[in-house]
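This report walks through selected local features of one model. Please keep the structure open beside the text.

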Amino acid sequence: RSKKKGKKLRKMLKRKPKNKKSKNETPTIFKKPIQSTQQNIPIRDIVDGVVITTDNQYVKTIEILPIPFFLKKPTEQSQIFDQFKAVLKICPDEVHFKSISTPANLSKQIKDLKKKIQIENNSNCKQMGKEYEQRLLDAENTGITRRFFLSFAHSEFRNSKESLSEIVYTLNSDARSIAYSI
């Protein structure tokens, strides 16, 4: 019996397996189609700062620079609040506010400060510079940078009889009005 099993095993090992390619043939490589970011984002075009989406919306986004509101005097805070109310009155009906927070990157400021400390002749100024450098290093580990954006769309984007240039002009003029009010 063991001789028969050995012969069968040798025959099986010598046989070429079916559907296998010979050594000279190159294997078939199945490639996935390349997906780019542009294919996944629903943006059809950007014209003069206005984003046109694939569902024919016209959207304008502006960045709002922050101010240290709580460091202002009460009268200044009241003025800022009144300005913000005025902005909301002139904004289109649908407005989106977006805040992006990222870790602070102070490496360039720290590098520049180190160069200035090396050049400095006064020992007191050098000491102050080193203390400030330590504060920047601490802030870099715990600090956060924030950016604020305001986005709004053309109010009648689906049934609009306006041309593209008229819509872009309207959105850009609204953005200028908002920026002027802030």
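Thr53 touches Pro42, Ile43 and Arg44, leaving aside residues up to four places away in sequence. The model is a predicted one. Thr53 sits in strand β2. Is Thr53 buried or exposed? Its relative accessibility is 12%. The cut-off for buried is under 20%, so Thr53 counts as buried. The side chain of Thr53 also makes a polar contact with the side chain of Asp55, at 2.4 Å.

**Positive phi in two loops**

Most residues other than glycine have a negative phi. Which loop holds Asp48? Asp48 lies in the loop between β1 (43-47) and β2. Phi of Asp48 is near 50°, a positive value in a non-glycine residue. Asp48 is exposed, because its relative accessible area is 58% and exposed means over 50%.

Asn56 is in the loop between β2 and β3. Phi of Asn56 is near 60°, again positive in a residue other than glycine. Asn56 has a relative accessibility of 35%, so it counts as partly exposed.

**Nonpolar cores**

In soluble globular proteins, nonpolar side chains tend to be buried together. How many residues are in the largest nonpolar core of this model? That core has 14 residues. Tyr58, Leu150, Phe152, Leu171 and Ile178 have the most contacts inside it. Four elements each supply at least two of its residues: β2 (50-53), β3 (58-64), β5 (144-153) and α6 (164-181). The largest share, five residues, comes from α6. Another core lies apart from this one and has six residues. Leu106, Ile110, Leu113 and Leu136 are among them.

**Salt bridges**

The count comes to four salt bridges. Three of the pairs are taken up here, with their N to O distances.

| Pair | N to O distance | Relative accessibility |
|---|---|---|
| Asp82 and Lys85 | 3.7 Å | Asp82 39%, Lys85 41% |
| Asp112 and Lys108 | 3.5 Å | Asp112 31%, Lys108 59% |
| Lys114 and Glu133 | 3.7 Å | Lys114 41%, Glu133 15% |

Take Asp82 and Lys85 to begin with. They are three residues apart in helix α3 (residues 74-90), so about one helical turn separates them. Asp82 is partly exposed. Lys85 is partly exposed as well.

Next come Asp112 and Lys108. Why are Asp112 and Lys108 separated by about one helical turn? They are four residues apart in helix α4 (residues 107-119), and this spacing is why. Asp112 counts as partly exposed, whereas Lys108 is exposed.

The remaining pair listed is Lys114 with Glu133, whose side chains meet in a salt bridge. This pair links distant parts of the chain, 19 residues apart: Lys114 is in helix α4, and Glu133 is in helix α5 (residues 123-142). Lys114 is partly exposed at 41%. Is Glu133 buried or exposed? With a relative accessible area of 15%, Glu133 is buried, because buried means under 20%.

Methods: Residues are numbered from 1 along each chain as its sequence is written. This is a predicted model: local features need pLDDT of at least 70, side-chain atom pairs count only at pLDDT 80 or more; totals for chains, interfaces and linings use all residues. Side-chain values use heavy atoms; hydrogens and water are left out. A nonpolar core is a set of buried Ala, Val, Leu, Ile, Met, Phe, Trp, Tyr and Cys residues joined through side-chain atoms within 4.5 Å. Buried means under 20% relative accessible area, exposed over 50%, partly exposed in between (1.4 Å probe, protein chains only). A polar contact is a pair of N or O atoms within 3.5 Å; within protein, one must be able to donate a hydrogen and the other to accept it, and residues adjacent in sequence count only if both atoms are side-chain atoms. Contact means heavy atoms within 4.5 Å.
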